Structures are given as structure tokens and as C-alpha cells.
Amino acid sequence: MSDLPRKAVTRTAKLAALPLGFAGRTALGLGKRIGGRPAEMIASELQQRTAEQLFSTLGQLKGGAMKVGQALSVFESALPEEIAGPYRAALTRLQEAAPPMPSQSVHAALEKRLGPDWRDLFEEFEDKPAAAASIGQVHRAVWHDGREVAVKVQYPGAGEALLSDLTQLGRFARLLGPLIPGMDIKPLITELRDRVSEELDYALEARAQRDHAAEFADDPDVVIPDVVHQGSEVLVTEWMDGVPLSEVIADGTPEQRDRAGQLLARFLFSGTARTGLLHADPHPGNFRLLPGKAEGTGPEQWRLGVLDFGTVDRLPDGLPPLIGAALRGALEGDAEGVYAMLCEAGFVRESVELDPDAVLDYLVPIIEPARAEEFTFTRGWLRTQAARIADPRSPAHQLGRQLNLPPAYLLIHRVTLSTIGVLCQLGATVRLREELRDWLPGFLPDGDGDGGGADGGGAGEMAEDGEPGAGESDAGALHPSEYGPADGLADGPADGAGEEPADEPFEKAAGR
């Protein structure tokens, strides 16, 4: 495979061919239907061919195209089985692999960023990449002090490619709708485009990863590899073996699935409470299952390895207490109280008046996993939720279109939805309520347990306007200026620990 296609005209031509292919297959399908073939059979065949073309193209281009493919892959569980079945493999392939960058390009990038004597930094360096993703690929190596390391090298021209891809994909995003029924893909692409600068800044990623590694250094359940060396387009971290989560999804035992699901849910809530950062890229390629520290331990002692901190949401006071308080109120059936909280936080605009009982009816099926002491996440359950909200004839669809998702909650919401998608891919039985009690601020009544971590104050206080306590104009996003220039190289740990998207209707911003 050749290097990352860098010329905008080449990438644009490949992406522009996608809607033409979609239109051609639709016309072909109409002809077959006139000829007497069943509509359901034709629809399934067309969707299979569309998916094959889409994800093949996205995988070849990498860049922003690959990132959109990875983001879509976690929502596969929401598809009806007769649609999901034919192209589930095409989706999941994007989670662990992409065409590699040639060795000469890797060497040139390392020489440019680490100097002409870059090989002296390594005892060994494997030219064949161990993993390749949207904007860079990872090589296994041995650092000069004997540590096994992962060397992430950014693709030349990745920034230009990201912006070009996302702009082009945004122009025909609505044509991708049939791939994930009920999901509006355009807000997802807009958000990814708004965070390009963060994704490309390895200094930003190194800081976030160091903060996580320090906090979870002695944790029995979560493992974060530390940063060894960092440059603007090269990031060296400790190597981490383990079973990719995608393999557990495909072939894992029930015990492995349940353990992975429990740890994934725990990291979602505890990570933010403990570090003030939300890991915002929860697709399966970024997680590993590692055996317990003691020899011969079973899946119940396995640990979750977490990779890739290129996209994080900065929430120094933790998740907003509104989330926990509204969830608790909904579980208790307090329609008026929940409605008041949603109005105060901006989920219901001042110009809109809704029936509190109807809002509660909309929310109750979605929060079902938090009601029981343990809940089994399944594709069937997620498909039911997606169908209920996507059907234009349903009351849930009509009400959802009147709700609003404030920008400060957009990334939190997407990460939560994506994590639920992965839990459904796993088919895991998870004690979600246990994690909410331990880590979600506001979920427990005042004075009843910690509700946010060991210090009892995991998320601080809600600001007067109902937004997260940080009150950041960039919706809590990390900004490169906080950490200084990205080009300087730094061995060992550092000292210390975009533009905001416009308001979207809740249906659209929620990815529906």
C-alpha cells in the first residue's frame, strides 16, 4: 500500500465517488424491484455493497475518513440484525487495522523529528507497524534503556488530510444515514473537525496520558502505559501487551466479556473523577485485556489496558453533578424535578414547553441499565432504543426533536453512547449501578456515600448556570496553549499533571 494519499484532489475524488456509488446502487435496486425481487432482499444487498465501498474507501484514506469509520463502528450494535450481519466485519476491521505507511516514510519522519541519529535512541526498532489508525501508526521498539516501547508516528500531511476528509464527508453526510438508522452523522463529523488540532498535538496527548498513568499507577483494574519520549509528531510510550477488545467482542468467553464490560464502565466514570479528564475515543482498538498480576488468575482478575489519549475532554471538577442528579430523579419517577433540572441546564430551551411526564417517559427506557443491580447489554436492547427514537411516527422521536444538547455536554454524551455501543457489542452483564454509586457525582443523595470517588467530592459543585463547574467556553476541551509548544522533546514525566460547536437540536447532537 502506498503512503497516505496527501493530495487533496486525490482524496476528494475518492470520497466524491461514494455518493455517486450510493446513487447508482439505489437506481439498480429500483430496477430489480420493478423486476420482481423482494424489497427486503434488495435493501440488504444494497446496504452490504454500500458498506463495503464506504469502509474500504475510509480505511484506504485513513486521516479523517478513517476516524469517521472508527466512530461509526461502535454504533454497529444499533443496526437491525438483517442489516448489520452482512457488513459487521467491514465495520470491525476499522477498529484494529489500516493500510501501513512505507518504511522509508517512517524513517524520514523519525529523522525529521528525532534527529539524524534517531536510531541511537533505540536498541531495536521494528519497521513493520504493530498497529495503524487514523492519523498515525505504531511501531514496536526497545528504548535505549531496555524498555519495550510503542512508537507512534504521525502520517505526513495528516492535518491537511483530516480537514479535507471531514469537510468533504460533511457535504454528503446525510447520504450515510442508512448505514446507522436513526443517527444523524453530520454533527459527529462537525465535532471531529472541531477537534483536529487536539488530535494532532502529541504534546497534548502526552500530558493527558501522563496524568492518567500517574493516577492509575497502582490500580488493580486499569493499566495505563506511561510516556517515555514526546515530540510534535512522534510519541514514545511504554509497550503494553494484552488481548485486543475487538478479539473479546469476536471470540471472548462470557466471563471475559463481563469482566471487560465492567472495567470499561468503571473507567468511563472513575477516570474522569480521578483525573479531571474524559477519555473521549472509546472504540475497541484503544483497549486491551491483561491477565491479573497473580499467576493463574482467571478473567475475574483481568485488568483493562487503555491506549490513545489524543482526544480528551477536560473536566477538572469531574462529570457535571446534573447528570447524576437527573438520572437519580428519573429512576425515582420525579418527572417535575427532572424537567426542572433539564430546563435549568439548557436541555429544554426557554422557548419550548414540554410535558414533564412525557419527558420522563422518553428517558426511562434509555436509563434501564441503571435501574437494576446488574444489566445485560445486548444488540437487541440497543436496536430497540434506536428504533424507538428513530421512528418519525413515535412520540419519542417527536419529543427528542424538541430537546437540546448544550455544547458542554456534547462530547460527554457521545462518549457515553459510544461506550454503551461497545458494551452491547460485548454482550456484557455489568453492575452499572455500582459504578454510578461509586463515581457519578449527584447520583447519591447528599450525605449518602461518596458519590464521586474516595474523597467524596469527585465532581465539585454545579455552576450557577447549570453548566459543568469548569465553565469553559470551549466546552471543556483541552487546548494546546495550556501546555506550551508541541515541538520540544521531553524524556520522562513532565512536571505537573477548539472551537465550540454550535447548539444542535437534541436529536441531531445526540447522533440521531
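A salt bridge, as I will use the term this morning, is a side-chain nitrogen of Lys or Arg within 4 Å of a carboxyl oxygen of Asp or Glu. With that in mind, please look at Arg113 and Glu233, which form such a bridge, the closest N and O atoms being 3.1 Å apart. This pair links distant parts of the chain, since Arg113 sits in helix α5, residues 103–114, while Glu233 is in the loop between β6 (227–230) and β7 (234–238), 120 residues apart. I should say at once that what we have in front of us is a predicted model, and that everything I say about it should be heard in that light.

Let me stay with this pair for a moment and ask how accessible its two partners are. Arg113 is partly exposed, with a relative accessible area of 24%, and Glu233 is also partly exposed, its relative accessible area being 24%.

Now for the chain as a whole. The secondary structure of the protein chain comes to 19 helices and 17 strands, and of its 512 residues, 57% count as buried. The chain exposes about 21000 Å², and carbon and sulfur atoms supply 52% of that area.

How many salt bridges does the structure hold? There are 17 of them, and I would like to take you through two further pairs and then a network. The side chains of Lys152 and Glu205 meet in a salt bridge with a distance of 2.6 Å, N to O. Here again the pair links distant parts of the chain, with Lys152 in strand β4 (residues 148–154) and Glu205 in helix α9 (residues 202–215), 53 residues apart. Are these two residues buried or exposed? Both Lys152 and Glu205 are buried, and for those of you who want the cut-off, buried means under 20% relative accessible area.

The next pair is Arg433 with Glu373, a salt bridge in which the closest N and O atoms are 3.8 Å apart. Arg433 lies in helix α18 (residues 432–439), and Glu373 lies in the loop between α14 (356–363) and β13 (375–376), so this bridge ties together parts that are 60 residues apart in sequence. Arg433 has a relative accessible area of 21% and is therefore partly exposed, and Glu373, at 47%, is partly exposed as well.

As for the network, Asp221, Arg259, Arg266, Arg431, Glu434 and Glu435 are linked together by salt bridges.

From paired charges I turn to a patch of charge on the surface. Which residues gather in the patch of negative charge? They are Glu332, Asp334, Glu336, Asp355, Asp357 and Asp361. I would single out Asp334, which is found in the loop between α12 (321–331) and α13 (335–345). Asp334 is partly exposed, its relative accessible area being 36%, and residues in such a patch need over 30% relative accessible area and no salt bridge.

For anyone thinking about cysteines, a search of the whole structure finds 0 disulfides. Two cysteines may serve as illustrations of their surroundings: Cys343 counts as partly exposed, at 30% relative accessibility, whereas Cys424 counts as buried, at 2% relative accessibility.

Let me finish with some individual positions in helices and loops. Asp308, whose place is in the loop between β11 (303–306) and β12 (312–314), has a positive phi of about 60 degrees although it is not a glycine.

Pro316 is in the loop between β12 and α12, and it counts as partly exposed because its relative accessibility is 46%. The C-alpha atoms of Pro316 and Thr275 are separated by 7.5 Å, although the two residues are 41 residues apart along the chain.

Thr253 is found in the loop between α10 (245–251) and α11 (254–275), and at 32% relative accessibility Thr253 counts as partly exposed. Between the C-alpha atoms of Thr253 and Leu426 there are 9.9 Å, while 173 residues separate the two along the chain.

Lastly, Ser197 is found in helix α8, residues 196–200, and counts as partly exposed at 39% relative accessibility. Ser197 and Leu163 are 34 residues apart in sequence, and their C-alpha atoms are 9.8 Å apart in space.

Key
Residues numbered from 1 in each chain as written. Predicted model: local features only at pLDDT ≥ 70, side-chain atom pairs only at ≥ 80, totals over all residues. Heavy atoms only, no water. Patch = residues over 30% accessible without salt bridge, like charges linked within 9 Å, V, L, I, M, F, W, Y side chains within 5 Å. Areas by Shrake-Rupley, 256 points an atom, 1.4 Å probe, with all protein chains shown as cover. Lys, Arg positive; Asp, Glu negative; His and termini not counted. Charge placed at Lys NZ, Arg CZ, Asp CG, Glu CD. Helix = DSSP H or I, 4+ residues; strand = E, 2+ residues; numbered from the N terminus. Buried < 20%, exposed > 50% of the residue type's maximum accessible area, 1.4 Å probe, protein only. Disulfide = S-S within 2.5 Å.
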